[in-house]
Structures are given as C-alpha cells and as structure tokens.
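Colleague: I have a model open and would like some help reading it. Could we go through it feature by feature?

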Amino acid sequence: MKPTCRLLLLSGLLAIVAQAQEGTAAGWMENLHLTASGSAAWVNNLSRTSYEPTRKDATTYEFKLGGSQPRQLASSLLLVASGEITTLSVPDFDLADNLRAGGRLALQKKFGLGPLAPVLQVSAGTSYKSARWAGDRGWTTEAGVQLAQRVLPYLRLAASVQWLEHDAKSQVFDLNQHSYSLEANWDINEHWSLNGSVSRLDGDIVANAAYSVWWQALGGGLGPTVQKYYNARPWAETGIYGPEWVSYNVEAKVDLWSVTLAYALSTHTSVELRKSAARVVNHIGISYPTDSWGLSLSHRF
Amino acid sequence: MKPTLFLLLVAATLPARAADFTCTVSSTKGEPVADAVVSLVPLDAPVPPVPADAQVEIAQQGQEFTSYVTVVQAGTKVVFPNRDTVQHHVYSLSKPKKFELPLYNPGKAESIVFDVPGLVTIGCNIHDWMISHLVVVPTPWFAKSDAAGAVKITAPAGRYRLEVWHPRGTQAAKELTLADSAASQETAVLTLKPDRRVRRTVGAKSGGY
C-alpha cells in the first residue's frame, strides 16, 4: 500500500479520536472499550518447514492490549475506530519475536431491526511490525468485508473476504494475501461458547529451511521444478530457526480451520481454548502443515 | 321498601372488602422463579381505569435496561430515559405496540403510552444484548415475583382470572375467587425454557452490532 493511503487511514483514525474528544472527557473515557488478552500456544512446525525431520515446534506467548471507540453515524450505521498493540514472544527462537502496533476503522451497516438483522462491515487498518529480525520490519495494511447474521439469538454466522499487504524491509518478508472465511459462533449457555471457522488464503507466505536442504533445492537435488521456482523467489539467510537457516518467500494456498471453546468467567473475563490447523501448499505443491493448541485469557476493562 | 332489600342495595353500592392474595412461583425443579408477572383480571366487576398520572420508568444504564421485566396496567405511560453516555436505538416489534426511538441520545427521555394489553419485548438495535419485557395487563391488580418467587396482591373480593407469565414460561390461566377479608394462596409451577438471550460477550461486542 502506498504511504499516502496509509497516511489517509491514520488521519481518519486521528480525526475520529479528535472528534470524540469534543465531548466530555468522562464521556469519551466511558465509551472507550479497553481489552487485554494474554495467550500461550503450542505450535507444531512453527518454522513452516517442508522437510519433516527439520521442522521446529515451539511455544509462543502473545500479549495484546486494545482499545476501541464506537460512534453511531446514523440509526443503523456505526463507525468503530480501534487501536491495538500486540507482542509475540517465542523463547526458543527469539528472532521470531515481534511487536505490532496499529489502528483500524470499521463501518458497520445493520439491515433492519433486532438481533437477527444482518450486518455488513467494511474495515481497513494499518499497523507497524517491529520484528526482532530487521528484514521483517515494515507496515502492514489490511482491508476486509464481512457479512454477519444471527440465525438464532445464540447462533451467529459470518462470511468475510480479507486482503493483506505487508511491505517489509526485505522482500523475503513482503506479503500480499487475500482470504475468504466462514465462521460460526454458538453461545451454548450463559458461560460456554463454541466458535468454528474455515478459511482459504491465497498469496505469499514465508517458509524456512535448513541451509543444507535449501542448497539441495537450489542446486536441483529436489528436481528441476523446485530448482526453477525456488531460484526465482526471494530468500535470505536469517538464522531465525537455527544457525544457517534460510527464510524464503513462496506463493501458496492455505486451508485453515480452527475451533475455539470459550468460557466466560464474568461479563468481562473469558478463557479460551483453541485448536487450529493449516494445510499450506506452495505454488509447486510443496506442503508445510502446521497446527497448534492455544490457551488465552481475555479481559474487558 | 323492606329493610332486607334496603340493606342488600346498600351492600351492593359499598366497595367490596379487600382480600390478600399470595402466590409462590417456582420451576418444575422446585426452584423459586423471580421476575414472574402475576395478575388478577376481574371477571365480574369492571376494571378501574388507570390513574391519569400513572408512570413507569425503564431506563438505559450501563448498556442494559434497568429492568428485565416490568408490568403495567394498560394505559400507563412508560418513560425511557437514556442514562448512558452512549446513544441507544430503542425499539419493539411486538404486536401490542410497535415503536422505534432511533438514535436516542444520552440525557434524553421519551415516553410512550401502552394502551393495548399484551407482551411488548423491547430491545436496543445498537446493543443486541439489551432486552426488556414489558407486560401490559388489563387490571390494576398485579405484581412481580421477588427472588424467593413470592408475590402478594391485595384486591377486592370477587372472581378473577389468574395469569402467570415469565420470559421463559407461562402457566395456563385459571379462575379463582377471593373471599372477603380472607387470605388466599396459590402456587404456580412453570416449565422453564432455556434462557436464549443474546449474550453480552467479552471484547469485541462491547461497541457495536
């Protein structure tokens, strides 16, 4: 995304915050929704490596602090400005650590009255990723459209399309992706809820390989198709997942599913257990399967 | 005029004596049911009109309605003050009274007269979890059960139709007679359906649809 577009988006966010401040400070604070969450995940093949014996599994820790300010523009039109800071820590591979800060604008249009009325949301956001590995640092821009509807008071379905671009210092970490997803959320009772989602992503991903394997691929040891394709893609020795490891950028299709079981400890605090898996296959059919278990605690202030 | 006939005529013009009626509302599991509306609709005597200044309040505060269940006599004015710092969009799609108060600003207080008996479910179109039930009854003799499921109504002696309503279940109406100065007691057992309200979840739903 061009810096001017990013600037426009950030200006929009600042304008909303400034406009909100025209009201009383107490009112502004009361309408500011702050949330914090901490999560731990046990990830198989975090390194996104195709050669199974060299895959690296790891535990990751994420802490997120977010704030949002809703503003009703018309009786069925809502604008939500939000900001978020996220830190990701991977103690076993600290070069994978990163901190991300950004903002997002979402415009929601509700078609009709009542909880069962469909809601269309258009959103755009931008964030800066400050990664431990300098080549991954850069701006990420996202945009999305979502159509959601509760078919029952306790069952909400959503379909969405998203687009993401990450403009990193090193082109190895540049990403351009679009994805489609379907999501269902079932409030089982007052405390328990179950969420399931499936999505398909098309675009660039970053994979990793031990140098010995990578050298074989570049040299033609894994066949001419692999040799031709990998020689045409950006790569760099990064050492993120070990000495002499390389990171490389490939085009891929990712089929992702996840199931989340949440327990609300109160109307402000919940605990979530999440299982997700991704089937990642690159342009020439090489796969990088990953899956993870995650546990998180969220609190709304 | 014979003295007996005269006495009968005088008795007919005097107001009937009040009788105490108590009712305990419980679930089939034997647990007390709070927020159940119990009303006595007179079958023989005319229903007294609602007082001209009758007014009840259902406020919006903390992004919730202050009362989950409210009961009023038909003809009562209900005021909807917004005591939040956010806008609300109060509405009802219920047959007895369809209405909409769009973009309802903090500090405002609109009022509506509910003159048709029935159940009016009120919601906020911005905050889907906000819901309130207004039960409009054709009688001044009603009450809402407390945490112990107990209800006490004082009504003139006479024949009544007893109606019990709760958001999660009702009891078929039944007839009863309140005798002069005599206490009458009933038990209502409700088969409660699961509570299927839209949940106010942690996080994202705090600010929108």
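Colleague: Let me start with a pairing in chain A: which residue in E8(A) is the bridge partner of A:His166?

Modeller: Happy to help, and keep in mind that this is a predicted model. The partner of A:His166 in E8(A) is A:Leu175. That bridge belongs to a longer ladder: strand E7 (residues 155-168) of chain A pairs with strand E8 (residues 175-187) of chain A in the antiparallel sense, over 12 bridges.

Colleague: How many residues lie between E7(A) and E8(A)?

Modeller: Six residues lie between them, and the two strands form a hairpin. E8(A) then goes on to pair with strand E9 (residues 192-210) of chain A, antiparallel again, through 11 bridges. Within that ladder, A:Ala184 has A:Gly196 in E9(A) as its bridge partner. Here too there is a hairpin, with four residues joining E8(A) to E9(A).

Colleague: Let's move to chain B. How many helices and strands does chain B have?

Modeller: Chain B has one helix and 17 strands. Of its 209 residues, 34% are buried. Contact separation is another useful thing to read: among the contacts in chain B with a separation of 6 or more, 64% are between residues 24 or more positions apart.

Colleague: Which strands of chain B stand at the edges of the sheet that contains E1?

Modeller: For an open sheet, begin with the strand order. In this one, three strands of chain B follow the order E14-E1-E17, with mixed pairing. Strand E14 (150-156) and strand E17 (184-190) of chain B are at the edges; each has a single partner strand, so one side of each has no neighbour in the sheet. From one strand to the next, the twist averages 25°.

Colleague: And how many bridges join E1 to E14 in chain B?

Modeller: Seven, with strand E1 (residues 18-27) of chain B and E14(B) running antiparallel. As one example, B:Phe21 has B:Ile153 in E14(B) as its bridge partner.

Colleague: What else is B:Ile153 in contact with, beyond its neighbours within four places in sequence?

Modeller: Besides B:Phe21, the contacts of B:Ile153 are B:Val38, B:Leu40, B:Trp141, B:Phe142 and B:Ala143. B:Ile153 is also one of the residues that touch the most other members of the largest nonpolar core, together with B:Val25, B:Val38 and B:Leu134; that core has 43 residues. Domain 1 (16-47 + 140-193) and domain 2 (49-138) of chain B both contribute to this core, so it lies between them. A second, separate core has 26 residues, including A:Phe173 and A:Trp214.

Colleague: How far apart are the C-alpha centres of domain 1 and domain 2 of chain B?

Modeller: They lie 24 Å apart. The contact between the two takes 10 residues from domain 1 of chain B and eight residues from domain 2 of chain B. On the domain 1 side, strand E2 (37-42) and strand E13 (142-144) of chain B each give two or more residues. E2(B) provides the largest share, three residues. That side divides into seven nonpolar, one polar and two charged residues.

Colleague: What about the two chains: how many residues of each are in contact?

Modeller: There, 24 residues of chain B are in contact with 28 residues of chain A. Strand E8 (88-92) and strand E9 (99-104) of chain B each supply at least two residues of the chain B side. By type, the chain B side holds nine nonpolar, nine polar and six charged residues.

Notes
Residues numbered from 1 in each chain as written. Chains lettered and ligands numbered in written order. Predicted model: local features only at pLDDT ≥ 70, side-chain atom pairs only at ≥ 80, totals over all residues. Domains from an automatic or database assignment. Contact = placed C-beta atoms within 7 Å. Nonpolar A, V, L, I, M, F, W, Y, C, P; charged D, E, K, R; others polar. Buried ≥ 20, exposed ≤ 12 C-beta atoms within 10 Å, placed from the backbone. Core = buried A, V, L, I, M, F, W, Y, C linked by C-beta atoms within 7 Å. Pairing = 2+ DSSP bridges. Axes fitted to C-alpha atoms, helices over the stretch in contact; angles between N-to-C directions.
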